[in-house]
Amino acid sequence: MPTIEENSTHTGTKLNWLRASVLGANDGIVSIAGLVIGMAGATDSTQIIFTAGMAGIIAGAISMAVGEYVSVSSSKDTEKALLRKERYELLHHPEEELKELASIYEKKGLSQKTAMTVAKELSIKDAAAAHFDAELKIDPNHLNNPWHAAYASALSFLLGASIPIIAILAPPVYVRIPIAFIAVLIALVITGIISARIGGAHTMRAVIRVVSGGALAMGITYGIGRLFNVSGI
């Protein structure tokens, strides 16, 4: 049966993945919405808008995957280095490490005697695991996988990006921009609510921030598209 610590670790990992997925989807929605609406402001050509949108989606998904892979890999390398350092200190300085572990529990509210007793009992069972948990807050059996993070980030970006590109291409030309605006804003409201729930933040403030940013991006890119309008060429 999984321990409370294991459940907490798994829950924390899942929440981090979910948060990253929501942010990836939000990035896909906003960036591709800005791109295709800007193109729609410049031209009525469905082929041009589609080509630009697909190029943006592919480039964005790859960028998200690579960025997430590099970030998680760096974090994982740091965690591994800390684990190696802790194992070395336990091997060469066991008494000092025992006192350090007892000190950690003492700072959490245990008496000096009880803290030392707990530290000794945990060290007898598995000294490394006790230090990894209390001192480093790292579970060596559940380090983040950079490939999983890359796949999740790219997939969430693709799913988010599909909303504006479908919304701009499916309707007739004369209503494609307002429909795309509405579809994107609805999608951003949803991602704003989800991100607020995950992070425990104020829902309305989170939604206003996300929607305002998306609306501003679409408004600016549409204005730039109209400035360089090539529909009559």
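Reading from the N terminus, the elements of this protein go α-α-α-α-α-α-α. That makes seven helices and zero strands. Keep in mind that this is a predicted model. The average pLDDT is 86, and 91% of the residues reach at least 70. The weak spot is residues 1-10, where the pLDDT is below 50.

**Confidence**
- The stretch over residues 1-10 makes four contacts in the model beyond near neighbours in sequence.
- Where pLDDT is low, don't read the predicted coordinates in detail.

**Overall shape and packing**
- The radius of gyration comes out at 25 Å, whereas a compact globule of 233 residues would sit near 17 Å.
- If you want box dimensions, the C-alpha atoms fill roughly 80 × 35 × 30 Å along the principal axes.
- Of the 233 residues, 33% are buried.
- Taking contacts with a separation of 6 or more, 74% of them pair residues 24 or more positions apart.

**Surface and charge**
- About 13,600 Å² of the protein is exposed, and carbon and sulfur atoms supply 66% of that area.
- The charged side chains split into 19 positive and 19 negative, with the centres of the two sets 8 Å apart.

**Where helix 2 gives way to helix 3**
- E89 belongs to helix 2, which covers residues 46-92.
- Is E89 buried or exposed? E89 counts as buried because its relative accessibility is 17%, under the 20% cut-off.
- Leaving out residues up to four places away in sequence, E89 touches P94 and E97.
- P94, one of those two partners, lies in helix 3, residues 94-107.
- With 45% relative accessibility, P94 is classed as partly exposed.
- P94 and A127 are 33 residues apart in sequence, and their C-alpha atoms are 9.1 Å apart in space.

**Helix 4 and the loop after it**
- K120 sits in helix 4, which spans residues 112-136.
- At a relative accessible area of 44%, K120 is partly exposed, since that value falls between the 20% and 50% cut-offs.
- How far apart are K120 and V211 in space? The C-alpha to C-alpha distance is 54 Å, for a pair 91 residues apart in sequence.
- K137 is in the loop between helix 4 and helix 5, the latter running over 146-169.
- The backbone at K137 deserves a look: its phi is near 60°, a positive value in a residue other than glycine.
- K137 counts as exposed because its relative accessibility is 59%, and the class starts over 50%.

**A buried alanine in helix 6**
- A187 has its place in helix 6, made up of residues 176-199.
- Why does A187 count as buried? The reason is its 8% relative accessibility, which is under 20%.
- Which residues does A187 touch, not counting those up to four places away in sequence? The answer is I29 and I163.
- I163 falls within the 146-169 range of helix 5, so that contact links helix 6 to helix 5.
- N145 is another story: A187 and N145 are 42 residues apart in sequence, with 29 Å between their C-alpha atoms.

Definitions and conventions: Residues numbered from 1 in each chain as written. Heavy atoms only, no water. pLDDT = per-residue confidence, 0-100. Contact = heavy atoms within 4.5 Å. Helix = DSSP H or I, 4+ residues; strand = E, 2+ residues; numbered from the N terminus. Rg over C-alpha atoms; globule rule 2.2 N^0.38 Å. Buried < 20%, exposed > 50% of the residue type's maximum accessible area, 1.4 Å probe, protein only. Areas by Shrake-Rupley, 256 points an atom, 1.4 Å probe, with all protein chains shown as cover. Lys, Arg positive; Asp, Glu negative; His and termini not counted. Charge placed at Lys NZ, Arg CZ, Asp CG, Glu CD.
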